[in-house]
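Have the sequence and the 3D view open side by side. We'll start from one residue, zoom out to its chain, and then cross over to the partner.

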Amino acid sequence: MKRAVALALAGLCLLSSFLFFPQAAQGRAADECYSNWNRCRVNAFNMDVSWYRMTLALTVCDVGLGKCVLDF
Amino acid sequence: MMKKSISLMAVGGLALALMAGRGTSGRRPVHRHPAGDLKLDFRTDDDAVFSRPVSISHDRDVIYVIDAEENEVRVFSKAGTFIRAFGRKGQGPGEFDSPADLDVSGDRIYVTDRFNKRIQVLDRKGGYLGGFKVPFTPDQICVLSGGRIILSHLPLGIEGREPMVHAFSEMGNLLWEQANSYYSGDRVYDAFRNFVVMVKGDREDILIVHKSDERGVFRFDKEGKSGVAIRVADEFEFKRISLPIKGSKRQVSGFCWDATFDKGSLGLLALDDTEENDLGPGREVFLVAPDGFVKDIIDLPAAVTRIDMDGDDLYAVDTENRLRVFRRGQR
């Protein structure tokens, strides 16, 4: 009985560590994606291009964000 | 926060209704003033063109231009002489990562250091005096008396509405937040809706001008209380455009490209139609009185992207990224 409980606890520890570490790495990556996206948007606004072009630039930033998040 | 935004909307709405009721029923004469180029040669030792000029401001003697790409503040005399430049890319004191705006108070220059997410306080020669971090990407800055530092930022629009105007003390303590952003979940459209210009008024207050879809100019005093909004009269027309947002066309009403405030007048840089049925920066600056009426229109000889009014002079960045000075009445 004791052995079964110890094995179950060890299994839980192992499982939670596997679950935890990928999530932390994913969190960092997603933060980086959003940081790059914010930089992209600000640059789009700073370019002082006409509105249609700015819309396209902002859309490109959004597509880049989606791709970045999906890649991780 | 909810109560605050509801009360803000109520006060703003009431003010707009009052202004609309009495303001625009009759038209007042609007005077046009051509402005001439003083043809000053604003060049540094080796360059007359900026890479990405994002802000112009002046104080009693000098003009400051921020070049976001060069991470530099360039200082010129009002006669066009280059005085100095300070700043470079980095994270240390006196270094910037895409500076966005500055304001001068006494002998101190306050700069929004955008991607370092901080405010830097410098002396007039660019020497580092201090600063503080902020939890967002700061954009425009106005420093009011008593060391009230008012900041705006472009909301991310990821998790709903968020305040766009924040007040800090000199020590970097948050004092108040206002002006909740518009949120529809469409990040491109919301970016247009939330793109604002913040200018300092003449009563220790700030004015928030939306670049699209909003004719009302909102006012906050230094305690964060919303006051009477200006409803800009219809002589200053919206420019409508269909933008390809989320694959389909969506109507956006363009309002202005930039704004400035001087001696009781709000100056709005009009948008202009381009040859490709697009909207670009214009060559007219409309001067709006506190009651919302347009009283003067300044005709510029060239389209410009940034303006800063100083009496009869208008400092501006043209579409080729050159700093120019236009004078009202000069031909």
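Find B:Val143 first: setting aside neighbours within four places in sequence, B:Val143 is in contact with B:Asp103, B:Ser105, B:Tyr110 and B:Ile149. Here "in contact" means that the C-beta atoms of two residues, placed from the backbone, lie within 7 Å. B:Val143 sits in strand E10 (residues 141-144) of chain B. Its C-alpha atom is 7.3 Å from that of B:Val104, although the two are 39 residues apart along the chain.

A word on what you're looking at. This is a predicted model, where local features need pLDDT of at least 70 and side-chain atom pairs count only at pLDDT 80 or more, while totals for chains, interfaces and linings use all residues. Residues are numbered from 1 along each chain as its sequence is written, and chains are lettered from A and ligands numbered from 1 in the order in which they are written.

Is B:Val143 buried or exposed? It counts as buried because it has 22 C-beta neighbours inside 10 Å. The cut-offs are these: 20 or more other C-beta atoms within 10 Å of a residue's own (placed from the backbone) make it buried, 12 or fewer make it exposed, and anything in between is partly exposed.

Two loop residues of chain B go in a table. Neither B:Asp213 nor B:Asn277 is a glycine, yet each has a positive phi.

| Residue | Phi | Loop between | C-beta neighbours within 10 Å |
|---|---|---|---|
| B:Asp213 | about 60 degrees | E15 (205-210) and E16 (216-221) | 15, partly exposed |
| B:Asn277 | near 55 degrees | E21 (265-273) and E22 | 10, exposed |

Now zoom out. Chain B has two helices and 26 strands; these are DSSP runs numbered from the N terminus, with helices (H or I) of at least four residues and strands (E) of at least two. The radius of gyration of chain B is 19 Å, close to the 20 Å from the globule rule for 331 residues, so chain B is as compact as a globular protein of that length. (That radius is taken over C-alpha atoms, and the rule is 2.2 Å times the number of residues to the power 0.38.) Along its principal axes, the C-alpha trace spans about 50 × 50 × 45 Å. Buried residues make up 44% of the 331 residues in chain B.

Chain A comes to two helices and zero strands, and 14% of its 72 residues are buried. Its helix H2 (residues 51-71) has 21 residues and reaches 30 Å from first C-alpha to last, close to the 30 Å expected at 1.5 Å a residue (that is, 1.5 Å times one less than the number of residues). The buried residues of H2(A) are A:Trp51, A:Met54, A:Thr55, A:Leu58, A:Cys61 and A:Leu65. They cover an arc of only 120 degrees around the axis, so they lie on the same side of H2(A); the arc is that of the directions from the helix axis to the C-beta atoms. An α-helix has 3.6 residues a turn, so residues three or four places apart point the same way. On the face turned away from that buried side you'll find the exposed residues A:Val60, A:Val63, A:Lys67, A:Leu70 and A:Asp71.

Where do the chains meet? 24 residues of chain B are in contact with 14 residues of chain A. On the side of chain B that touches chain A, E18(B) gives the most, with four residues.
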